[in-house]
Amino acid sequence: MPKHYRPPGKKKEGTAATFITRTKAVRNLQVTLPHFRKLCILKGVFPREPKKKIHGSEKTYYHVKDINFLMHEPLRGKLWDIKAYKKKIKKARGKKNKDMVERLLDRQPTYKLDRLVLERYPTFVDALRDLDDCLTMVHLFATLPAMESEHIQVDRIHNCRRLSHEWQAYISRTHSLRRTFISVKGIYYQAEVEGQKITWLTPHALQQVVTDDVDFNVMLTFLEFYETLLGFVNFKLYHSINVKYPPILDPRLEALADELYALCRYIATGSRTLSGNSQSGISSESEQTGNKKMNSESEESEVRLAQLQHQLPANERGALMNMMEDVNGADEEDQDTKECKSLFKDFKFFLSREVPRESLLFIIPAFGGLVSWEGDGAPFKETDEDVTHQIVDRPSLGRKFLSREYVQPQWIFDCINARIILPTEQYLLGRVPPPHLSPFVDNEAEGYVPEYAETIKRLQAAARRQVLPFPGLDPMDFSDPGSLLAEGIIDRAEANEAAEQRQKLLKLEQQYHDELKMELQGVTFSAVASKGNSQIPPAEDVEVEEGASMALLDQVAEDELNLSKVSMSRRQRGLMEAIQIGKERKRNKIELLKKRRKNSEANRKG
Amino acid sequence: MAKLKIRDKKVKIAITKDKKKKDKADPEAVPELPAEYSSPTRDEEHSDSRDVSQSSDSELSCEINEVEGNDLHHPAEESDSSEDEVAPRNTIGDVPLEWYKDEEHIGYDIAGRKIKKHARKDKIESFLAGVDDSKNWRKIYDEYNDEEVELTKKEMKLIKRLLQGSTPHTEVDPYAPYVDWFDWEDKGHPLSNAPEPKRRFIPSKWEHKKVVKYIRAIRKGWIKFEKPEEEPRHYLLWGDDSTSAESKRQGLKYIPAPKPKLAGHEESYNPSLEYIPTQEEINSYQLMYEEDRPKFIPKRYESLRNVPAYENALKEGFDRCLDLYLCPRTRKKRINIDPESLKPKLPSRKDLKPYPSKCYLEYLGHSGPVKSVSVEISGQWLASGSTDGTIRLWEVETGRCLKVWEVGQPVNHVAWNPLPQLPILAASAGHDVLLLDTGLGDAEEQHRITELLHVEESASTDDRDLVSWAREEMYGGIRLKHTKAVANVEWHRKGDYFTTVMPKDILRTLPERLDCSRDTKAVLLHQLSKKQTHNPFKKLRGLAVSAVFHPTRSIFFISTKNHIRIYDLLKSKLINKLETGLQEVSSVAVHPGGDNLIVGSKEGKMCWFDMDLSSRPYKILKTHPKDITNVAFHRSYPLFASSSEDCTAYVFHGMVYSDLNQNPLIVPLEILRGHASSKYGGVLDCKFHPRQPWLFTAGADSVIKLYCH
């Protein structure tokens, strides 16, 4: 805002001067609302919440500095240019000047977003930190159909697909995938790149439901930025593992929609050639076959070059060097990566037709396994003797190999989350697999541990040859839970437990005393037996007493709370109550889960 | 135009024929052309007047003839002759056939006889005939001549070609190169004599302009012929040095968007059974408010192949986009406070002992709610008044009921005289205040008391309109008859004066309601030694609730519903007015030091006033969920208590320091329970023992309890 003379009494200071409504901002910037939206999205400008909403509470407020930031953005001028240019085209069209239209269409002004990417994310780590949304969006669009009516072009979909595969290939290559989770919404992946945990969601590989309550303009603007961002991020990542970035893929595999596999091979060869070594990998045979059909000349030559280098006879010294390097590299890798790298090291997987191939092709190599599938271009056939596991997802299978295990895809995901090889019995062909649990939940913090999580924990411990302490009784002094509670030494639940214990002990003691008394009085055992009915009321009494003491404990706890509340300020009391409500809600949720579990167990038995 | 074109075709056909002729023999065919030209037109004109089928028939036949036979007859002649050959059967002439629709004949022959129509076949017959005859499909009924015509194969071919839109004859080439029939060259006589226009030989100015424009555009680089080379789309954007990049970010401080919540167990495609809601629960979601309704209902699929595409995938992506660019972002401190840390740091309760914590004794005997208790100054005796119309005197330590006075009216309040040598009990029962001789103390004291409680009959007549002092007939003592029900009796510390409060009963004095806010007779002062009563206030604002004397000085506190007014009795003027901020004050107690005051209210709040500090509460304690009935200070220990309708009494530690800079310390100590709730309320009164840290509580369940440390 330019400083100019303000008439007296019309001061603009404080909130009124620092925050501006959206309408005013649009007017100041002299752009249309859609352009403003686009600018905001691309520049990452978002509304702010002023302390006092001067122009009305229903309005959106932007910081004046943000708007000034947009004001100096060259993209704003570019958008104007584009708008004017479109008018030119329209005019030429109206005058039926065809070659003019053609010429104009040929040289439309474009803009680049690389500067904006750098501006928003000055360091690479910043970009990685914000990559979650970007990846989710790109993966979502990679599965969408191209729709001309919504201006979703085919090449953008292809670009998204390519970018997502490049990303996955990198993650798979560097073994930085950490967790996976199949949800109803899709498959979640969590990777760790440069210390940043990046989580993204890929939809299930099915025809997506396209709804009409979505404004694709907004989404496409976001996608525009995300595509650029992910392109640069991929470049940087590929650069870091010494691979040329826009990867040149084997067109044959590309045609078979195996871009991911093609990319993996590309990276593998690329990094190997650059390190000046040749190492016979799994894919060497198939690569030879892959040589035959290649379309474009330049690509062909480049790929061939790479392969030729790859097929050079192994130099003894070079191999030794490579081994040395491997050792060094292993030292650099952290414990986690090492663990991930070797999870499926000794296994060879084969995927049936019906399993989600892209996902598994991504995951299994990321954890060090070898994988093949049914179809052309696969590295090995189904009949391969060395296959240890075949991933199937169908009710039954006609012909089976005895040398391999037929497991459902969930096994892979569960193994990865548990970081151990789980026993396959429950995941075998045709069985209902055990519940698939989310790896993102901290069960201890949540307060409820599902049954299968406990099983997995035990298995993990067994794998590490550790012995878990059995959940037993702590040597606790059960002298007087009430008083302990009152002193604030133990919390309420513990107190309740202790009280129960004590009640039991008391009951036993009392019984003993009663019997002793009776013995003293000379009552025979038979008489006691006949008196059985009269024995019941005291037991009931004890129970009643027990209930009463429980109530008393509750009372003590409540009193404690009330007393502490009395001396709090109103603000603190409100906060306390809010905390308590939250806790109560959490407790209710857990109670509900426990109840349902009990019910389901009862159903299973009954 | 259309007609002309048709004719042109005919002409062309004619020409082709002509050419053939040329090929055959004579080049002199040229003069014949006009005749040829005219003949088909004539034919056509002629055929216009005739019936369609007839004309086509005749014409077609003639042309076929012509094609077949290569003889050089004139087609016009032939057509004439063909017409002559077969005379039309019909002689009605050129009139609509409709006119003869109902006639049996179709004209007359040359002899004048009727030409009969053929008998019409009916439909079945004609159908049967059609079925039998394999050539039936070729037959056409000629309505004009009333006869059936069978088309020949050739005719069928012609018709087919015509229907296809091609020339009827296969031999005819409609697109044969045109041969001009007029020789232009070297004739010297152009068709038009106009001179050649200038534009034919001068270069176009506009074209020139356009070319210049293009040239200029090319020169200036507006038109480029080769496309600009594409730069590599991606490059190393982030260099290696990350330190220098710190200053690059412009604008305001970036607030990263909060990451979306990660999926929990319930979002799994195959969650544990306990995460799946039952059908009833799902149904119950419908009854919830839309905000409370769970957004995601877990569902279980037996295997991965059964999982469908998520229908909200796009919507959720879009919502996230909207959140990212439309939601205001602010940094908010996450409330992750340990609730323990919220509790104020107070000294441990153990260090503040002794205080009443456990019920030690119960005084049983009353049959109605006990409204009030009072402890004698020595701490040996306890008096209690109940709504059952009795006042009882108890021995504190044993719980023995020493004496019962049957007053007959519900007792509101009892109060011992604060002087130890004058064990007189003041009790308010209905409209009266009784001063009772308890019969305690030695003989000398008894004598003094009886002397003090002696009232002459004449004394009552002095001030009849205020209060009448009279002898109590039954138990001895004095009965002060008031005009209204007395709620409170409080003694002055010296034991000579006492005050009574008569709050207006609002229900009974509805007409006087406006007046009642300025009731001057609500608070009265009585002097026992002189048996006198006087009204200290000319006017009194607000509804008086209770009145208390200052424990050391001659200061008088009157609490109205919202305020506490403090009067100096010697100067008889208002010293201070305390703003409680409460809705309705129910009780007041003064700290024995005299500078602090606690006020209980009917909304369950208790205010502590430090009168040196301010006229506003030093601390407001929200203790009880229901009305506070009474508050009390201990005379010597730093304790105070409140009793409430919710059947509890709270005990607090309330330390007042002699150092003026140090604020009073208030620590809640104990919640005393034990009274049962009844319809008359919970705990109606609480009083401390004068010497011990004991608390007496009077309950609506007609029990008095003693809580000891």
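**Exercise 1. The main core**

Find which residues touch the most other members of the largest nonpolar core in this predicted model.

*Solution.* Start with the core itself, which has 131 residues; A:Phe141, A:Trp167, A:Ile412 and B:Trp238 touch the most other members. Next, ask which element feeds it: helix 11 (residues 216-240) of chain A gives the most, with 15 residues. Now zoom in on A:Phe141. Skip its neighbours within four places in sequence, and its contacts are A:Ile152, A:Ile157, A:Cys160, A:Phe216, A:Met219, A:Leu220 and A:Leu223. Finally, look for a second, separate core: there is one of 21 residues, and B:Leu435, B:Val455, B:Trp469 and B:Trp491 are among its members.

**Exercise 2. Where the chains meet**

Work out how much area chain B and chain A bury between them, and on which atoms.

*Solution.* Begin with the head count: 93 residues of chain B are in contact with 111 residues of chain A. Then take the area. The two chains bury about 9000 Å² between them, with 63% of it on carbon and sulfur atoms. On the chain B side, B:Trp238, B:Leu314 and B:Tyr325 lose the most area to chain A, and together they make up 10% of what that side buries. B:Trp238 is worth a second look, as one of the residues that touch the most other members of the largest nonpolar core.

Now for the polar part. The interface holds 7 salt bridges, and 26 residue pairs are in polar contact between the chains, counting pairs with both residues at pLDDT 80 or more. For a concrete salt bridge, go to B:Glu267 and A:Lys185, whose side chains meet at 3.5 Å, N to O. Last, which element gives the most to the side of chain B that touches chain A? That's helix 9 of chain B, with 11 residues.

**Exercise 3. A hairpin in chain B**

Describe how strand 8 (residues 390-395) and strand 9 (residues 401-406) of chain B pair.

*Solution.* First, get the direction: the two strands run antiparallel, paired over 5 bridges. Second, pick out a bridge, such as the one that joins B:Thr390 to B:Glu406 in strand 9. Third, check the connection. Strands 8 and 9 of chain B form a hairpin with 5 residues between them, and B:Gly399 in the turn has a positive phi of about 80°.

**Exercise 4. Odd backbone spots**

Is A:His175 buried or exposed, and what about B:Ser572?

*Solution.* Some background helps here: most residues other than glycine have a negative phi, and most peptide bonds are trans. A:His175 goes against that, with a positive phi of about 55° although it isn't a glycine. A:His175 sits in the loop between helix 10 (154-174) and strand 3 (177-182) of chain A. Its relative accessible area is 11%, and the cut-off is under 20%, so A:His175 is buried.

B:Ser572 is another non-glycine with a positive phi, of about 50°, and lies in the loop between strand 21 (563-568) and strand 22 (573-579) of chain B. At 59% relative accessibility, with the cut-off at over 50%, B:Ser572 therefore counts as exposed.

For the peptide bonds, check B:Lys353 to B:Pro354: this one is cis, with omega near 5°. B:Pro354 is in the loop between helix 10 and strand 5 (358-364) of chain B.

**Exercise 5. A helix and its end**

List the buried residues in helix 3 (residues 33-43) of chain A, then see what follows the helix.

*Solution.* Walk along the helix: A:His35, A:Phe36, A:Leu39, A:Cys40, A:Ile41, A:Leu42 and A:Lys43 are buried. Just past the end, A:Gly44 takes a positive phi of about 75°.

Notes:
Residues numbered from 1 in each chain as written. Chains lettered and ligands numbered in written order. Predicted model: local features only at pLDDT ≥ 70, side-chain atom pairs only at ≥ 80, totals over all residues. Heavy atoms only, no water. Buried < 20%, exposed > 50% of the residue type's maximum accessible area, 1.4 Å probe, protein only. Helix = DSSP H or I, 4+ residues; strand = E, 2+ residues; numbered from the N terminus. Pairing = 2+ DSSP bridges. Core = buried A, V, L, I, M, F, W, Y, C linked by side-chain atoms within 4.5 Å. Contact = heavy atoms within 4.5 Å. Buried area = accessible area lost by both parts, 1.4 Å probe. Salt bridge = Lys/Arg side-chain N within 4 Å of Asp/Glu carboxyl O. Polar contact = N/O pair within 3.5 Å; in protein donor to acceptor, adjacent residues only side chain to side chain.
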